Amino acid sequence: MINRVRDWVDDRTGLPDAVGRMARHLVPPDAKWWYVFGSATLCAFMIQVISGVALAFSYIPSPSAAYSTLQFISDQAPFGHFLRGLHYYGASAMVLMVGLHMTQVFLFGSYKFPRELNWATGVLLLGFTLVMGFTGQLLRWDQNAVWSVVVGAEQAGRVPIIGTWLAHFTLGGDTVGGATLTRFFVVHVFIMPALIFAFVGLHLWLVLRHGISEPPKPGKPVDPKTYRREYKELIEKTGRPFWPDAAWRDAIFCVGMIIGIAALALIFGAPQLGKPPDPSIIAASPRPDWYLLWYFGVLALLPHGSEKYFMVFGPLLAGILLIALPFISNRGERSPSRRPWAIAAVLMIVLMIVTLWVAGANSPWSPNFNAQPLALSVVGATNGPVFIGAQLFHSKGCLNCHLIGDDGGRRGPDLTDVANRLPRSQMVLRISNGGVNMPAYAANLTPADMDALVAFLQTRKIQRR
Amino acid sequence: MNESNNNNTQSGQRPAPTREEITRRRFLARLSLAAGGIGALILAVPMAGFILAPFFARTKEVWRSVGKVESFKIGETTAVKYEDASPLPWAGVTARSAAWLRRVDADTFIAFSINCTHLGCPVRWLAEANLFMCPCHGGVYYQDGTVAAGPPPSPLPRYPVRVKDGDVQIQTAPIPISKK
């Protein structure tokens, strides 16, 4: 009976036959675990589609209602907290997997002839994934989301000529308001998924057209004149059907990833909602989600004055370079062992992103607004100039940016042992005149205040043997 | 010619296209493309207009009262809240805006934007330090809004402020987008 139904459907639609032929296309026999990241990215995307559709049953994309519907989903709806977590960790997995997939393709030289467009469409899919991540963070529509929109609009505003218009378009008007959320909802739920579906289709079509690249072998360079013939011979001679000879690894890896995502969602749950999306609540410290924290670090660490050029040309240049890669170098050695610069480039990029990510996560450049007055045990005095100086150190905002022991901020130098480094005259000079990252306090302190502050700082010594 | 074509069809072979047929096919192809283009245009113009037009429109700014004159102490800087120029009915709390209002003397007020000129984050006022500080990248401004430290490229923007009928009023304004 089942066979008869299958035959009937096959006869009328032709689909089982077509899908079967695609599934059983021949792949190189030694394409093993390194090749699972592409399908894992697709798997993560499907998790996002499924969990996103489920969340959309309760989410209302209205600026006045979105926050409360998210509270409902998180706190009351059955499985709501889990689903939000699934969507969040699914997004994280998608970003991670697309990064691993690109790294593997780059290291294996699989972007070379004839797969230039496989790479180019993959780069576009990376861009779409990051846009999905950013817009998804905004749909959380809490205080952090609102200020992230403003930060995004400020960056769009730096684009020459059309910057103001772009910023206006980003905000959906002059300010954050009634039109802001819906545009990000449309981008996140309709436009970007449609683009991703279309480009995933194109990407897969190109994979079928050119075949899965064989693992590289040292001393076997790509020559566009002979590659297609050699690949055809290799596949005809040793190729295995993708289904099930290679697909089982993808299935196992995807299931493992789903279990991991579900476990994270179950154990850690969804990210906490911040304060309500009220732009008049000024006590806010907007931060991007983890996958864009490194970019947050970049914007903080760039030399002053260069941000404008970086914000506009940095992403543009990175995108152009990535897409241009296979058109600049589409032949020659594929093996990473014969391409040491490829390994060096990956290591440098990974090191850069990890370093900036750590910097972004710690954000030492952000003042510490939660700094409490120093404990008397730290101050070492209960009255007199040192005690008054310690109070001024807190009230004048010094502690927001400087560490004393374990207390304070990290924006400026650690002053725990400043008296070991600076004499009194230098302290007065620096406090009075300030610097690039420190305000000048000359007009903000009385002579008595200055004396007390310096008296306190002169007690900040560490006895060294 | 027709006879010849019929003969070809009967023998199962596709007839060779004549010059006239090629011209006709070209015409039909172009007609189809033109029809498709016209259809797309009919749909695209109103859709693009609907989506894009509001973003070229400029909101007419209005004056919003933020408190009685006597509620602000001379020399103090306080956060004031008010509603946007033309809030949409469904905007909810997102229709709110804020500014830092400094009363300089009996008659003079200065209203500063809360947006840091670096990347737009909301600056906080440290009253005892007489400084505005940005929580994002550590930008600092003096009490008059000039840059004291950090990455901000320009002073805090100021909003028009006036006293009318005993009320301090601030003129609404777009979020200042820095070009530097």
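The following paragraphs describe the domains, the chain contact, the helix packing and the sheets of a predicted model.

In the domain assignment, chain A is divided into domain 1, spanning residues 14–362, and domain 2, spanning residues 376–458, and the C-alpha centres of these two domains of chain A lie 46 Å apart. Chain B is likewise assigned a domain 1, covering residues 2–56, and a domain 2, covering residues 63–171; for domain 1 and domain 2 of chain B, the C-alpha centres are separated by 61 Å.

The contact between the chains draws 58 residues from chain A and 47 residues from chain B. On the side of chain A that touches chain B, the elements contributing two or more residues are α7 (143–156), α8 (163–171), α12 (293–301) and α13 (307–328) of chain A. When the residues on this side of chain A are sorted by class, 27 are nonpolar, 23 are polar and 8 are charged.

Helix α13 of chain A, one of the elements that touch chain B, also packs against helix α6 (residues 116–139) of chain A, the two axes lying 8 Å apart at an angle of about 165°. Because angles over 145 degrees count as roughly antiparallel, α6(A) is described as roughly antiparallel to α13(A), and the crossing of these two helices is right-handed. From α6(A), the residues A:E116, A:W119, A:A120, A:V123 and A:G127 take part in the contact, and they meet A:G319, A:L322, A:I323, A:L325, A:P326 and A:F327 of α13(A). The residues of this contact of α6(A) with α13(A) comprise 8 nonpolar, 2 polar and 1 charged.

A second helix pair in chain A is formed by α3 (residues 37–56) and α11 (residues 242–267), whose axes come within 9 Å and cross at roughly 45°. The helices α3(A) and α11(A) are therefore oblique to each other, and their crossing is right-handed. In this contact A:S39, A:A40, A:C43, A:A44 and A:I47 of α3(A) meet A:D250, A:F253, A:C254, A:M257, A:I258 and A:I261 of α11(A). By class, the residues of the contact of α3(A) with α11(A) divide into 9 nonpolar, 1 polar and 1 charged.

Several backbone features of chain A can be set beside these helices. Most residues other than glycine have a negative phi, and most peptide bonds are trans. A cis peptide bond, with omega of about 0°, nevertheless joins A:F113 to A:P114, and A:P114 is located in the loop between α5 (80–107) and α6 of chain A. The peptide bond from A:W243 to A:P244 is also cis, with omega near 5°, but here the proline, A:P244, is placed in helix α11 of chain A. In the loop between α6 and α7 of chain A, where A:W141 is found, this residue, which is not glycine, takes a positive phi near 50°.

In chain B, an open sheet of 3 strands has the order β1-β11-β10, with antiparallel pairing. Its edge strands are β1 (63–68) and β10 (161–164) of chain B, each of which pairs on one side only, and neighbouring strands of this sheet are turned by 35° against each other on average when direction is ignored. The strand β10(B) is joined by 4 bridges to the antiparallel strand β11 (residues 167–171) of chain B. Within this pair, B:V163 stands opposite B:V168 of β11(B), while the bridge partner of B:K164 in β11(B) is B:D167. The hairpin of β10(B) and β11(B) has 2 residues between the strands, and in this hairpin B:D165 takes a positive phi near 55°.

A further open sheet of chain B contains 4 strands in the order β2-β3-β4-β9, again with antiparallel pairing. The edge positions are taken by β2 (77–83) and β9 (158–159) of chain B, each with a single partner strand, so that one side of each is left without a neighbour in the sheet. Strand β2(B) runs antiparallel to strand β3 (residues 96–103) of chain B and is joined to that strand by 7 bridges; in this pairing, B:T78 stands opposite B:L101 of β3(B).

Key. Residues numbered from 1 in each chain as written. Chains lettered and ligands numbered in written order. Predicted model: local features only at pLDDT ≥ 70, side-chain atom pairs only at ≥ 80, totals over all residues. Domains from an automatic or database assignment. Contact = placed C-beta atoms within 7 Å. Nonpolar A, V, L, I, M, F, W, Y, C, P; charged D, E, K, R; others polar. Pairing = 2+ DSSP bridges. Axes fitted to C-alpha atoms, helices over the stretch in contact; angles between N-to-C directions. Parallel < 35°, antiparallel > 145°, perpendicular 65-115°, else oblique. Left-handed = near helix turned anticlockwise from the far one by under 90°.
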